[in-house]
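The following exercises are to be worked with the sequence and the structure at hand. Each task is followed by a solution in steps.

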Amino acid sequence: MSTVQPLQKSNDFVIKFANINGTGSASANELFARAVMGMGVPVAPRNIFPSNIQGLPTWYEMRVSGEGWLGRKGGCDLMVAMNPQTWDRDVAELSPGGYLFYDSTKMLPRSRFRDDITVLGLPLTEICTREYTDPRQRQLMKNILYVGALTALLDMDFAVVEGLISHQFRGKEKLIASNIQALKLGYDEARAHLPCPIGLRVERSDGVGNRIFSNGNDACGLGAVYGGATVVGWYPITPSTSVIEAFISYCRKFRTDPDNGMGRYAIVQAEDELAAIGMVIGASWNGARAFTATSGPGISLMQEFFGLAYFAEVPAVVVNVQRGGPSTGMPTRTQQSDLIACAYASHGDTKHILLFPEDPYECFTLTAQAFDLAERLQTPVFVMSDLDIGMNEVLCKPFDWDDSRQYDRGKVMSAADLDSGKNFGRYLDVDGDGIPYRTIPGTHPTKGAFFSRGTTRNAYAKYSEAGTDYVYNMERLRRKFVTARKLVPAPVSQKASQPTRYGAIYYGSTSPAMAEAFAMLEKQGVHVDLMRVRAFPFADEVMDFIADHDYVFVVEQNESAQLRTMIINEGDIDPKRLIRVLHYDGTPITAGFIAGRITDIVKQNNVTPLRQQVAS
Amino acid sequence: MTYLAKPKLLRPDTPKNALGYTKRDYEGAISTLCAGCGHDSISASVVQACFDLDIEPHRVAKLSGIGCSSKTPDYFLGNSHGFNTTHGRMPSVLTGAAMANRDLLYLGVSGDGDSASIGIGQFAHAMRRGVNMVYIVENNGVYGLTKGQFSATADKGSKSKRGVVNNDSPIDLVALALQLGATYVARSFSGDKEQLIPLIKGAMRHRGPALIDVISPCVTFNNHAGSTKSYDYVREHNEAINRLDVILPKDKITATYAPGELRRVVQHDGSVLCLRKLGEDYDPSDRVGAMNYLQERHALGEIVTGLIYVDSTGEELHRYLNTVETPLNQLGVAELCPGSEALEALNESLRRG
């Protein structure tokens with residue numbers, strides 16, 4: 001007996017699937033997400049999973065947004081409650097007027113429901129027990145059954161889902177037939193016993209366009225193939241493992257010699273992250289493009305080697321799919337909390353290049369570009385992805401590649417260069433950009449060999465503890481990072497509809513939530529210019545942007561405002577002008593959170609002008 | 001330590017090898033180790049081995065960790081690229097280098113602290129992966145640069161210079177390498193170049209992981225009575241099991257041996273390891289036998305030296321990985337990048353799901 005009017009929404013709602021880990025629900029849920037996209041409606045699904053293989057609760061949160069907002073929204077309009085363990089909290093999470101779909105095989109007392117929601121029960125287990133004999137099939141088909149039921153409840157085109165199943169299992173006719181049969185069964189049962197369609201509808205639209213549905217880890221693996229990586233040393237760690245799995249599978253596909261089956265790549269699963277990065281450094285020193293993928297704990301273990309690569313000036317690419325820290329932290333939750341650990345990794349005075357992809361498209365392009373930067377600058381480059389974009393399917397621009405593009409191998413002296421009498425000093429700054437020439441082992445029988453080391457040396461790579469040699473080297477490294485500012489991807493900015501003294505800086509996976517928050521704020525008459533930082537060291541535009549605004553919100557997904565700290569540190573910015581907007585509970589940041597925080601502060605500021613306090 | 005630079009001028013009759021290089025072409029910077037350090041003899045042996053084998057200096061990559069031993073690659077093969085990495089992590093860097101270019105000869109130089117203490121994990125994993133390398137441990141049982149602490153190869157009951165007795169059991173890297181699948185395993189003594197040089201040459205012509213554990217006394221911190229890594233102790237307890245001659249395909253065999261005293265092992269590249277037995281019958285192709293023999297002799301306080309184990313049919317990492325013959329570091333965009341057409345096809349599949 002609903003006391004609240006049931007929700008009536010078209011192409012704008014959140015469905016949440018509450019499942020049990022290891023029951024095959026993930027592929028059914030993804031099938032459903034693809035079906036919504038197949039109707040031309042943008043979706044943003046997110047897997048919320050435990051650090052566990054089987055038996056613990058897992059959720060799949062799917063935002064349907066005809067307007068194309070891909071950030072997490074929060075809340076839940078339709079709960080597909082398939083997990084008795086989490087029943088109470090799942091029911092509680094529903095918005096008033098929302099819909100609860102559940103397996104009604106077992107009777108539940110009324111007290112376990114709510115009065116302000118619409119309850120939709122189908123005896124899924126009973127149907128499966130009746131239809132199937134194999135226990136695993138009973139389990140898997142239950143998932144397809146609810147996909148069928150949802151198709152009817154949300155008034156979707158059955159043929160679209162049917163087509164997806166046929167495509168997914170192409171070549172396996174038996175599987176196609178049985179899955180479609182289950183889908184039809186769920187669809188028919190819902191139509192027969194439930195008030196189809198409900199107030200939430202998926203209506204055909206053309207909001208998807210030519211976009212693709214991919215995840216950041218897959219895209220990073222693909223970007224590494226396109227970027228010319230040949231050597232990988234790696235150690236499995238959530239949430240980065242699938243970067244390497246993707247690299248392996250794309251290498252098999254694209255890099256196998258058809259004549260003899262030999263591969264144009266070498267991948268070793270190392271004994272730990274230390275060995276993984278050691279292999280990357282060894283291979284890069286020897287002239288191959290090499291990378292590893294890891295997450296927070298791996299970054300901690302690699303610290304000493306980052307210092308070596310920085311100081312000996314060896315290229316290295318590291319994809320860091322960030323998760324919640326510190327320590328083991330929240331291994332299956334997202335954060336942007338490794339910025340400082342990576343930017344200033346290792347002891348002594350170090351600084352490293354960071355790239356911040358916003359989605360799978362940029363995971364692809366920035367990973368490919370990371371190899372050019374690492375070789376041009378002869379230093380480690382970190383691709384700072386995170387679990388949110390790394391492990392979720394994200395609607396994004398299709399990947400593109402310019403076939404005329406050549407790899408930038410940086411300053412490498414060839415045997416011919418050496419024979420022509422060019423002065424080779426491994427750590428000699430010949431043209432003022434701070435980047436020295438290097439030679440690859442095996443280049444020349446008598447010229448150009450040098451001894452790489454983590455100890456101080458002179459410009460000709462000879463061991464030296466002389467203060468002048470040390471200072472020359474450190475100053476050159478600093479110049480190199482000035483050069484880097486112009487080579488790394490430039491920030492992206494967006495002006496508010498009216499001139500404003502407020503700006504907001506954000507990066508990485510915060511992007512879709514920020515875009516939506518921007519629209520919300522504009523609607524409320526709160527004007528904030530945006531700048532998306534895409535790399536560290538910061539381009540000059542970042543400091544200009546701060547100079548152009550009285551206050552700049554720095555929106556981040558960590559607790560200690562790490563990017564803000566880096567901006568203050570690198571740009572000598574008055575901390576009062578950089579206002580923290582921080583979300584760090586392990587869930588992806590939402591537009592509502594950002595817009596709320598910014599609105600609160602802007603209102604406060606309007607009441608008590610702080611402008612006078614701000615150093616001009 | 002000597003500060004005298006070597007004269008650059010060579011006598012016209014200085015011997016040259018088949019490539020026209022003199023031994024001087026295989027030397028490096030002047031050693032900064034203590035006078036009499038065993039490690040310098042090992043460096044000299046590496047120089048001699050490369051000269052004898054007509055190895056082009058730039059076809060060698062020398063890698064090391066941290067410590068006295070790991071400084072030595074600066075003191076030989078000055079025309080080879082070298083990489084002095086971090087403490088105990090040379091094996092992974094060498095592995096990566098070998099993955100990048102299968103055509104160079106990888107020479108890993110390490111010490112007992114570097115390989116048996118901090119780096120035992122990387123040592124073990126490089127061996128079990130079958131990395132194609134020559135791995136020399138310059139083993140003196142002691143930390144030199146930090147002034148005389150025991151390392152993990154120090155024998156139980158041995159005494160430090162300050163009189164402290166070591167109570168920890170020693171790690172035998174030879175035994176570990178045997179167990180972990182190294183296919184060329186030797187032990188030698190820096191005071192016996194006659195034995196050491198051929199062992200290095202054999203290892204350099206071997207395919208697969210080759211370990212040479214060289215007892216190399218530390219004259220400053222571990223050459224006293226009570227040490228089991230001193231010159232005197234090692235000379236007294238050295239039990240050489242065989243003498244090796246490495247015969248290259250181009251060489252003429254001149255020496256003659258009585259039947260039964262010679263064992264011949266043909267390696268992948270056609271080089272022949274001629275092993276002259278010195279004592280009782282010892283079979284270096286029997287891995288389990290070698291492990292037993294080592295344990296028995298160790299219990300008697302003897303140090304077994306010589307070529308302890310060799311498997312000339314072994315494989316190496318690149319065979320396992322099935323990588324192309326062309327070194328990976330020589331592949332360009334044409335060989336590596338699938339291009340826009342393949343990407344568009346992939347985009348299409350990612351649209352459909």
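**Exercise 1. Salt bridges across the interface**

Task: In this predicted model, determine how A:Arg453 and B:Asp74 meet.

Solution.
Step 1. A salt bridge requires a side-chain nitrogen of Lys or Arg within 4 Å of a carboxyl oxygen of Asp or Glu.
Step 2. Between the side chains of A:Arg453 and B:Asp74, the N to O distance is 3.0 Å. The pair therefore satisfies the 4 Å rule and is a salt bridge.
Step 3. The rule finds two salt bridges across the interface of chain A and chain B, while the count over all chains comes to 56.

**Exercise 2. Composition and extent of the interface**

Task: State which helix gives the largest share of the side of chain A that touches chain B, and describe the extent of the interface.

Solution.
Step 1. Polar contacts come first: 23 residue pairs, with both members at pLDDT 80 or more, are found across the interface of chain A and chain B.
Step 2. On the side of chain A that touches chain B, helix H9 of chain A (residues 273–285) supplies the largest share, namely eight residues.
Step 3. Sorted by type, the residues of that side comprise 38 nonpolar, 21 polar and 13 charged.
Step 4. In terms of contacts, 72 residues of chain A meet 60 residues of chain B.
Step 5. The size of an interface is often expressed as the accessible area lost when the parts come together. Here chain A and chain B bury about 5,400 Å² between them, and 63% of this lies on carbon and sulfur atoms.
Step 6. Within chain A, the residues that lose the most area to chain B are A:Glu271, A:Trp285 and A:Phe451, together 12% of what that side buries.

**Exercise 3. Strand pairing**

Task: Strand E17 of chain A pairs with strand E2 of chain B; is the sense parallel or antiparallel? Then examine the pairing of E11 and E12 of chain B.

Solution.
Step 1. E17 (residues 451–453) of chain A and E2 (residues 81–84) of chain B are joined by three bridges in the parallel sense.
Step 2. In this pairing, A:Ser452 is placed opposite B:Phe83.
Step 3. Within chain B, strands E11 (residues 262–266) and E12 (residues 272–277) run antiparallel and share five bridges. B:Leu262 has B:Arg276 as its bridge partner in E12(B).
Step 4. Five residues separate the two strands of this hairpin, and B:Gly270 has a positive phi near 90 degrees.

**Exercise 4. Backbone geometry in chain A**

Task: Locate the cis peptide bonds before A:Pro197 and A:Pro326, and the positive phi of A:Asn11.

Solution.
Step 1. Most residues other than glycine have a negative phi, and most peptide bonds are trans.
Step 2. The bond between A:Cys196 and A:Pro197 is cis, with omega about -10 degrees; A:Pro197 belongs to the loop between helix H6 and strand E8 of chain A.
Step 3. The bond between A:Gly325 and A:Pro326 is also cis, with omega about -5 degrees; A:Pro326 belongs to the loop between strand E13 and helix H12 of chain A.
Step 4. A:Asn11 has a phi near 55 degrees and sits in the loop between strands E1 and E2 of chain A.

**Exercise 5. Confidence in chain A**

Task: Identify where in chain A the pLDDT stays under 50.

Solution.
Step 1. Chain A averages a pLDDT of 96, and 98% of the residues score at least 70.
Step 2. Residues 608–613 of chain A stay under 50.
Step 3. Where pLDDT is low, the predicted coordinates should not be read in detail.

Terms used. Residues are numbered from 1 along each chain as its sequence is written. Chains are lettered from A and ligands numbered from 1 in the order in which they are written. Side-chain values use heavy atoms; hydrogens and water are left out. Contact means heavy atoms within 4.5 Å. Buried area is the accessible area (1.4 Å probe) that two parts lose on being put together, summed over both. A polar contact is a pair of N or O atoms within 3.5 Å; within protein, one must be able to donate a hydrogen and the other to accept it, and residues adjacent in sequence count only if both atoms are side-chain atoms. Helices (H or I, at least four residues) and strands (E, at least two) are DSSP runs, numbered from the N terminus. Ala, Val, Leu, Ile, Met, Phe, Trp, Tyr, Cys and Pro count as nonpolar, Asp, Glu, Lys and Arg as charged, and the others, Gly among them, as polar. Two strands pair if DSSP finds at least two bridges between them. pLDDT is the predictor's confidence in each residue, from 0 to 100.
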